[in-house]
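Work through the exercises below with the sequence and the model side by side, and try each task before reading its solution.

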Amino acid sequence: MIRQCTEKDIPQVAEIEKLSFAHPYPAFVFKKYLRAKFLVAEEMGKIRGYIIGVKMGEKGIIISLAVHPDYRRKGYGKKLIEELVKIMDASIIEIQVRIGNKGALKFYQSVGFERKGIIPSYYGNGEDAVVMFMRKG
Ligand SMILES: CC(C)(COP(=O)(O)OP(=O)(O)OC[C@H]1O[C@@H](n2cnc3c(N)ncnc32)[C@H](O)[C@@H]1OP(=O)(O)O)[C@@H](O)C(=O)NCCC(=O)NCCS
């Protein structure tokens, strides 16, 4: 089931975040997004993944997306992004991805995102960001 995140989901979301990123967002950051489009994928009472989207001007921006490492390549990421795109009131959805995150780049391409360009040295470690976008049909 894909549904809006609530405060009691945040410990599980923060745990998935910790398992997924070298520089994870702490739990309080997630609390700030509870009123944004913040979706979780839940199965058997457990959170398998989450996605956060916000509107910035005319664009929808994906702030974060992660699926628990034990549940990847099972379609949760795709379901989360498809639902987010559906509910975002924006004609263009954008995401910035670390250039070294080849799995995520392939994932976004497979769900219909295209490469828009590169932001050099965008991240703290000097890594470039790839900007990807999708036009809502
Ligand atoms: C990126 C991420 C969210 C994808 O979630 P997921 O649930 O595993 O993705 P799905 O199962 O919906 O994958 C859909 C398709 O995307 C592509 N894909 C997904 N992960 C991939 C990978 N690591 N390598 C290559 N292709 C990949 C495949 O085409 C896949 O279809 P298939 O499994 O039938 O081949 C997940 O790998 C993750 O949490 N990564 C760590 C956090 C991260 O990098 N987040 C994005 C930051 S911008």
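**Exercise 1: a helix residue**

Lys 18 counts as partly exposed because 13 other C-beta atoms lie within 10 Å of its own, where 20 or more would make a residue buried, 12 or fewer exposed, and a count in between partly exposed, with C-beta atoms placed from the backbone. The model is a predicted one, in which local features need pLDDT of at least 70 and side-chain atom pairs count only at pLDDT 80 or more, while totals for chains, interfaces and linings use all residues. Residues are numbered from 1 along each chain as its sequence is written.

Task: place Lys 18 in its helix, and state how that helix lies on the strands.

Solution: Start with the element, for Lys 18 is found in helix α1; helices (H or I, at least four residues) and strands (E, at least two) are DSSP runs numbered from the N terminus. Next, α1 (residues 10-20) lies across β2, β3 (46-56) and β4, running at about 90° to β3, where axes are lines fitted to C-alpha atoms, for helices over the stretch in contact, and angles run from 0 to 180 degrees between N-to-C directions. Finally, Lys 18 and Met 134 are 116 residues apart in sequence and 27 Å apart in space, C-alpha to C-alpha.

**Exercise 2: the sheet**

Task: give the order of the strands in the open sheet, and explain why β1 and β6 each have one side without a neighbour.

Solution: The seven strands follow the order β1-β2-β3-β4-β5-β7-β6, with mixed pairing; two strands pair if DSSP finds at least two bridges between them. Because β1 (2-4) and β6 (114-119) stand at the edges with a single partner strand each, one side of each is left without a neighbour in the sheet. As for the partner of β1, three bridges join it antiparallel to β2 (residues 37-43), and Gln 4 has Leu 39 as its bridge partner there.

**Exercise 3: the ligand shell**

Task: which elements each supply at least two residues of the shell around the ligand, and which gives the largest share?

Solution: The shell holds 19 residues, the closest being Arg 72, Gly 77, Lys 78, Gly 103 and Lys 106, where a residue is near a molecule if its C-beta atom, placed from the backbone, lies within 6 Å of it. At least two residues each come from β4 (59-67), α3 (76-87), β5 (92-98) and α4 (102-110), and α4 provides the largest share, five residues.

Key. Contact = placed C-beta atoms within 7 Å.
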